[in-house]
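Trainee: Please take me slowly through one part of this model, namely the way its helices pack against one another. Where other details help to fill in the picture, add them at the end.

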Amino acid sequence: MDSRDSLLSDALLRELIAVGQVDVLVAVPTLDNAASVGRVVGAVQEAFARYFPRDRALLFNSDGGSTDGTPDIVRSCGPADADTVLTSHVLRTMHRISVPYHGLPGRAAALRLVFAAADLLQARAVAVVDPDVHGTTPERIAALLAPAARHDVDLVVPAYPRNPDDGLLVSQLVRPLVRAAYGYRLAEPLAVEFGCSGRFAAHCGALDGWETDVGRDGVDLWLKTAALAEGVRVAEVGLGRLETAARSRPAIADILQQVVGALFGCLEVHADAWLGRAGSEPLPRLGDAPPLPAPVHAPEPRDVSDDFRHALHDLDPLLGKILEPAIRAALHQAAGVQPVRVEDGLWVATVCEFAAAWHRRAMRRDHLIRALTPLYLCRAASFLNELADLPSPGAGASRLEALGLEYERAKAHLVERWTRVE
């Protein structure tokens, strides 16, 4: 029995065999999404009918143990018979399966089950949509699915219109570090919506690493960076603004533990691929870029000088194990200025030092990332203060590009520190 078969219960195997081969598969991983999943299922059905009428189609719901009736809504939404043809224009039967996944709860287990099902059914293209995203439309689903279904694209990643003060962890750390390391300007490394070819789904399902911390805690970033490392064809598609349902959010320290730990873990897994790369190139962009949303408000200036000084004082013994003396001294010098300005070069050098220290296990990795948290918060405040001083909203995009180039210039420093034998 191969690993794919071991993921599929006997009951699910019987359902998949009854469906037979499909052309397109849209997966909707869920966990307590009763408030929104009906609308998403309707959009998937309409996408099949409107944009893929000649294709054998499956809506596949992998549920993580919902207690609010989500799977019942998936099964009952729309026609009473899931195999009913929705409109007179549909030339193929649409299928629908809702199944719980087993093992450790989490998104990684849901995606692994999706890939196993897509591989068994020999799906030509797969899209994964997020039931928490507001405004999921048939057009949005088709935009993720069509490039893999009709063109030679292996991974389709959304690009959302963002203002410069939106998603600071992405813009200040994740996106530019992925750009510098892997050599591609991927706008949304953490996006949970994506499309892919059947061959890429099968490849991902067979990857080692699903049981590792990176695979479990950072699966979306891991899969995207694997694609960049391995040179498969990746393209971006412009989607509308990302708006998600309100859910309780973890504390910022916990978010950094998961996201930054996964990012540094991806660098470690793919080191052979990225250490020798230099520069960056844009990814192909499909479709028209949606307009930027109007800024809700101008960033509020904040003086975090006292917070920064106190954090540096408290962290100084740890920072001595992480940072080179010159970078550590430069941080202390920046903390003496009001308001604090953590300049691009200093911030990027700090991130590179933390990544290398994480790699060489300078201390417990969770302690290391926790030490980065107050430095990130000060850099975020510094960047927002700088945005408030810019002459026009359009200047923010130029600032983000300048930051990306600074990360590229620091690549040699990262490589030297990463590979140094101590």
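Mentor: What follows takes the helix pairs in turn and then adds a few local details.

This is a predicted model, in which local features need pLDDT of at least 70 and side-chain atom pairs count only at pLDDT 80 or more, while totals for chains, interfaces and linings use all residues. Residues are numbered from 1 along each chain as its sequence is written, and side-chain values use heavy atoms, with hydrogens and water left out.

Let us begin with helix H11 (residues 252–269) and helix H15 (residues 344–359), whose axes lie 10 Å apart at an angle of about 70 degrees. Helices are DSSP runs of H or I with at least four residues, strands are runs of E with at least two, and both are numbered from the N terminus; axes are lines fitted to C-alpha atoms, for helices over the stretch in contact, and angles run from 0 to 180 degrees between N-to-C directions. With that angle, H11 is roughly perpendicular to H15 (under 35 degrees counts as roughly parallel, over 145 as roughly antiparallel, 65 to 115 as roughly perpendicular and the rest as oblique). The crossing of H11 and H15 is right-handed, a word used when the near helix is turned clockwise from the far one by less than a right angle, with left-handed used for an anticlockwise turn. On the H11 side, Gly261, Phe264, Gly265 and Glu268 are in contact (heavy atoms within 4.5 Å) with Val351, Phe354, Ala355, Trp358 and His359 of H15. This contact of H11 with H15 holds 5 nonpolar, 3 polar and 1 charged residues, where Ala, Val, Leu, Ile, Met, Phe, Trp, Tyr, Cys and Pro count as nonpolar, Asp, Glu, Lys and Arg as charged, and the others, Gly among them, as polar.

Helix H13 (residues 305–322) and helix H14 (residues 325–335) cross at roughly 160 degrees, and their axes come within 9 Å. That angle makes H13 roughly antiparallel to H14, and the crossing of H13 and H14 is left-handed. Among the residues that make this contact are Phe308, Leu312, Asp316 and Leu319 of H13, together with Arg328, Leu331 and His332 of H14. By class, the contact of H13 with H14 divides into 6 nonpolar, 3 polar and 3 charged residues.

The axes of helix H7 (residues 168–182) and helix H17 (residues 395–409) also come within 9 Å, with a crossing at roughly 50 degrees, so that H7 is oblique to H17. H7 passes H17 in a right-handed crossing. The residues that meet include Leu173, Arg175, Pro176 and Leu177 in H7, and Leu400, Leu403, Gly404 and Tyr407 in H17. In the contact of H7 with H17 there are 8 nonpolar, 3 polar and 4 charged residues.

Two backbone details lie in loops that join such elements. The loop between H14 and H15 holds proline 339, and the peptide bond from glutamine 338 to proline 339 is cis, with omega near -10 degrees. In the loop between strand S1 (24–27) and helix H3 (37–51) lies aspartate 32, which has a positive phi of about 55 degrees although it is not a glycine.
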